[in-house]
Amino acid sequence: MRRLMEKMKCALGLSPRIASLCLLTIQPAALLALDWAQDRGHRLAKLTVTPSERNGFQLLAGRRTGVEFANRLTRQLVAKNRNLANGSGVAIGDVDGDDLPDVYLCGLQVDNRLYRNLGDWTFEDVTIRSGVACSRQYSTGALLADVDGDSDNDLLVTGLAKGTRLFLNDGSGRFTEKTGSGLFPKLGATSMSMADIDSDGDLDLYVANYRTTNYKDRPPGVNVEVKQENGRVVVTPANRFVALKTRRNDGVHLVELGEPDFLYENLGSGRFRAVNWTSGRFFNTDGNALVKPPMDWGLSVIMRDVNGDMLPDIYVCNDFFYSVDKFWINQGDGVFQQAGSEVVRNFSMSSMSVDFADFNRDGHDDFFVADMLSMRSEFRQTQRANVLSDELNLPITDARFQPEFSRNTLQLNRGDNSYAEIAQLAGVHASEWTWSSRFLDVDLDGYEDLIMTTGNESDVLDADMMSIVANSPRTSESHLQNMMRFPRLETPNLIFRNNGNLTFEEKGAAWGFGQVGISHGMAAGDLDNDGDLDLVVNNLNAPVFLLENIGDGNRVVFRLKGKAPNTSGIGAMITLKSGKFHQKQTVIAGGRYLSGDQPLCVFGIPNPGSALSAEIKWPDGSFSEIQRITPNTVYEVSQSGAKFRSYEVPNRTQPLFEDASSRLKAAHVENPQNNPTPGSLTRAGLSELGPGVSAVDVDGDAFDELFVGASKGGKILGLKLAQALQNKSVTVTRLAWGGDSKLIRDTASILAYKPPSSGLALLAALSNYEDGLAIGSALNSVSSKSTRQVLAASPDSAGSVSMADIDGDGDLDLFVGGRARRNDPFLSVSSALYVASSEGFAPTTGGEVFEGIGAVSGSVFSDIDNDNDPDLILGRQWNSPLVFVNDNGRFIDQTVQWGLSGFHGLWNGVTTGDFNSDGRMDLLMTNAGRNSKYREYLAREIWLHVADFNQDGIVEGVESVWDPFLGKRVPLRDRQTLAAVLPWIAGLFQTHRAFAQADIGTILEPAGTPAVILKLNTLDTTLFLNDGGSFEKADLPVEAQFAPAFGCSVADFDGDGNDDVYLAQNLFNVESETSRHDAGLGLVMAGDGRGGFRAMSATESGVANLGQARGCAVSDFNGDGRVDIVTAQNNGRVKLHLNSTGKPGIRVLLTSGGDNPQAVGASIRLEQNGSLGPRREIRLGSGYWSQDSLVQLFVVGETQARLQINWPDSSVATVLVPRDAKTIKISKPDEVQVIH
């Protein structure tokens, strides 16, 4: 290139400057490399793909490329202003019109640099003649985009205390700073993004602002004062600080506010106008207009359409607690409303960067937000500065609250533009101190991978240094000295490969991207025109990384030529179709951490032999289509050939269920309850495990009433549902039950049975976990007017209750599961089995098998071995399920024989159903789910070391996990938390670093008490199929693992003859370092009759419960022949979902004589067209602390149907199903009565 320039100078007699301009104008290098062919509405060129032995990148040396740039920042300057350590970015774009993307790098204590791409991986520094050095400023971010619509890339640069500057391009790569641009020249500007927010055709600009200085660095002139005035905490200066009250009466948590961001409307010709935050353009989650601008610590911003309406939305990443991310949904005309809890349930706390992509290829955009949690447990023990304290008293159990998590978040679009956060399930919750993050299909397999840059100049999270700082003199000299002592945090950059199944696997080093250092801004572009995305990474105090993408996978590239002024087609959505496999990407401007990419889209082609087509939807709603796409080709598509088309909006499918909860007007109210045992480690939420729910016909009209448990001081909630409940004007009737008396304890299980000597009554278990007293009642019989004690309280707090005739004597016996003891929730907890007697219930012979079996959460009686007597299955915490086989009224532990002894979980609920229609009862057990902090350690098990370690009479559990980096088992909890129950820790390990490197044996050794070890190796809510003598694990849809499940009910919801499943999900009350489990909505799974299930989306099912659900029950509450669902939520509304589209069936009620009039223990199968449907059992007490309806529904076809009945006394009957009947009652011996 230089030789060519010299020849031009000699031949034409031109000055060097004019020769350079001529060269830029008449000799575009890329046209020499790509052989373009014109087609209708686009042109295309074949790509040359070099064969490679691996995927990923190779680092190119600066002496090879000519890009010899290093962003410099001294530690002394960081000590004075830590905000500078956020680094600088990079922008990629073609500045001179030669079709080769150029590179612009920002610097802090060095000038910015513009490198012109000469081809063949050589670059020329053209900063001086381009006029974009931005000397004498701390430059942070950059963006190359066509701001003024003249078809060349202009330059926007942000700087700390410099705001935003605009440089207009003359088309040849020479820039002039725009005066009078309207861009604010101050504040701590960071990242930028551009999009057409108001549909006027030009690109508007969002600038995120951080803060110029940080109070922690004691900037001059900033003096904060906190005082109380008239009982109110007052902070000055009020425009910079806010005080949050803590749990302590006089406690205050001081928060420094950030700076307001700017959203600028493009006025044309390089002029902008800031949008007023309080002008009625921005609304909060409640729909109220903002009255003051958000004062956040903005680090990144992306503007793009996220919900498919072609209106750019805005997501802003904000640093620090209380400075919550802002997710602005475009309402049209440039008006925005903040996304509420029904859209996104939570955020990352120290959000650095964000990117959107349809990473699971379901057609809906998901998004990832990067935070700063280490991948190593050792560093998690030392990096403690960002850990939230329980003293903040956050409303974590409020379903409307959107908590912040100290980790990455991955928000999976549920299909209705609401999101489930699944980073822990996906394996991307931790990635070190991360700055840039983006989706990019590195291996070109059709699924975007995740790329991240990491590191920091000072590990200011280091707890040991923070302790030194806290105890140092509060002088500027001491502060500077201490800041110099913080360790440098150099960590590898990372790539998480997308496995295509919602999980990722780290491949950074294997793919040539694992360089160790401090990397900040990152931009992507096709620097060598081979059709894949290369990367430029701006490092701190180290040379820039130029990374060539060396993968040789098949690819297709799209570049867009939009109509002016949006000449790059920013906001256009490109969809590449290969059969049913669709990939889509949106063209964006900026949106990267301090950086901006070249505006092109690269798609991997996993099956190059398949027919390919593409569709481009332009921002104005027009479309371009290309058929017969050829792999390894670049397409440049012009909007000028796009056409508008009319299409019918698809009819919205009516969901299976309708939410009728508003007609109940009922809620469970939990008592405010701090942890009842101060210093306890693993007991969060034990006071909030209820309520259960029961569907039972108490008035004999063959339709169930609804009963919901309550908390101490409340009343059992009874509801009579009207059969015309579909009518929205029809409400329900409250039933005064138990004499309308208040409860002295929380209820646990609630079910209904008919005692031999009286009418039907409720059995309500009472939890004494909060008071720990073995006095009063553990189980009450509650009738409409009175309450009487059935069982006295014991040290074991009651949980699950189930009933069956275990000894074949015709009456119902009773199992009561022990859930916890106040001082020992793990080891000494016992359950009990009682047989019916003339005086009530008496302990059974052989009941010692239930002593000391640990915490039981769920129980069900079910005849799993088909020998006509009820067996007992129990779900336990931190242990395996238990299977007790009934042998003539005695129960024998056959857990090992039935294959369940190896599945140690946090089992909550349990029920059975015949899911493959083979006549054997299969097992469904709810668990914590895979979307948990435990998931990453599951391969080597999580251990719970249980003992009274400090001899205070309280048994504690200390979790340990295997650390693959240290090669030993280490505690999961932190030093400060463990020191509260293991007081020797502070003296034995005087620093966090020493504690972080210690193994669990060394930590527990001073206790002198050998610990019992409980193990956890199974987190999945699990289906176990019964093969006739053992259970075989069968996988459920991954959606069943998004959140802890409690209640579980089985019914044929859609009326296809196969049994389906409903799961009640979520758990909020967790300790401060555990993320709230809120990714569930209540899950309906449709069974296929062969043991397989398909998860229904909330849009399809109609079920969307935002709260923490506990018990659930199924019943045909409104008598329409369809199975409805009721869900009890802890401290939330009772949710009723009426089945509106399932195929209706006939309602079948069994009655039996003697002391078991409810026919508990009977089973029914529908026989039709020569085949038998699933077996249904009549039982009391299953799922989680609940009771489903005893009325069974069967969908009957045109041919004659029969019901095969196994009665509780082992007799068998076959009954013809009456035609046109809606409800029948079958009495033994085989009397059929049509009721409706």
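Where is P565 found? P565 lies in the loop between β40 (555-561) and β41 (573-578). Helices (H or I, at least four residues) and strands (E, at least two) are DSSP runs, numbered from the N terminus.

## Basis of the model

This is a predicted model: local features need pLDDT of at least 70, side-chain atom pairs count only at pLDDT 80 or more, and totals for chains, interfaces and linings use all residues. Residues are numbered from 1 along each chain as its sequence is written, and side-chain values use heavy atoms, with hydrogens and water left out.

## Cis peptides and positive phi

P565 follows A564 through a cis peptide bond, with omega about 10 degrees. A second cis bond runs from G690 to P691, with omega near 10 degrees. P691 sits in the loop between α11 (661-664) and β49 (693-696).

Most residues other than glycine have a negative phi, and most peptide bonds are trans. N393 has a positive phi near 60 degrees. N393 belongs to the loop between α7 (377-382) and β28 (404-405). Its relative accessible area is 44%, so N393 counts as partly exposed. Here buried means under 20% relative accessible area, exposed over 50%, and partly exposed in between (1.4 Å probe, protein chains only). Q951 has a positive phi near 55 degrees. Q951 lies in the loop between β68 (942-947) and β69 (956-963). At 55% relative accessibility, Q951 is exposed.

## Nonpolar cores

The largest nonpolar core holds 46 residues. Such a core is a set of buried Ala, Val, Leu, Ile, Met, Phe, Trp, Tyr and Cys residues joined through side-chain atoms within 4.5 Å. M803, L814, V1148, L1150, L1203 and I1226 touch the most other members. A second, separate core has 38 residues, including V147, L187, V556 and F603.

What does M803 touch, not counting residues up to four places away in sequence? Among its contacts (heavy atoms within 4.5 Å) are L751, Y753, L763, F841, F861, V1160 and L1180. D813 is also one of the residues that M803 touches.

## Salt bridges

The whole structure has 60 salt bridges. Each is a side-chain nitrogen of Lys or Arg within 4 Å of a carboxyl oxygen of Asp or Glu. R376 bridges to E378, with the closest N and O atoms 3.0 Å apart. R376 is partly exposed at 22% relative accessibility, whereas E378 is buried at 7%. D1078 and R1076 meet at 3.1 Å, N to O. D1078 is buried at 3%, and R1076 is buried at 3%.

K1228 and D1209 form a salt bridge at 3.0 Å, N to O. This pair links distant parts of the chain, 19 residues apart. K1228 is in the loop between β88 (1223-1227) and β89 (1231-1234), and D1209 is in the loop between β86 (1202-1206) and β87 (1212-1216). K1228 is partly exposed at 33%, and D1209 is partly exposed at 46%. Salt bridges that share partners also join R43, D99, R559 and E636 into one network.

## Strand β2 and its partners

β2 (residues 42-46) pairs with β1 (residues 36-39) in the antiparallel sense over four bridges. Strands count as paired if DSSP finds at least two bridges between them. W36 stands opposite A45 in β2. Two residues lie between the strands of this hairpin, where G41 takes a positive phi near 75 degrees.

β2 also runs antiparallel to β47 (residues 633-638), joined by five bridges. R43 stands opposite E636 in β47. R43 and E636 both belong to the salt-bridge network.
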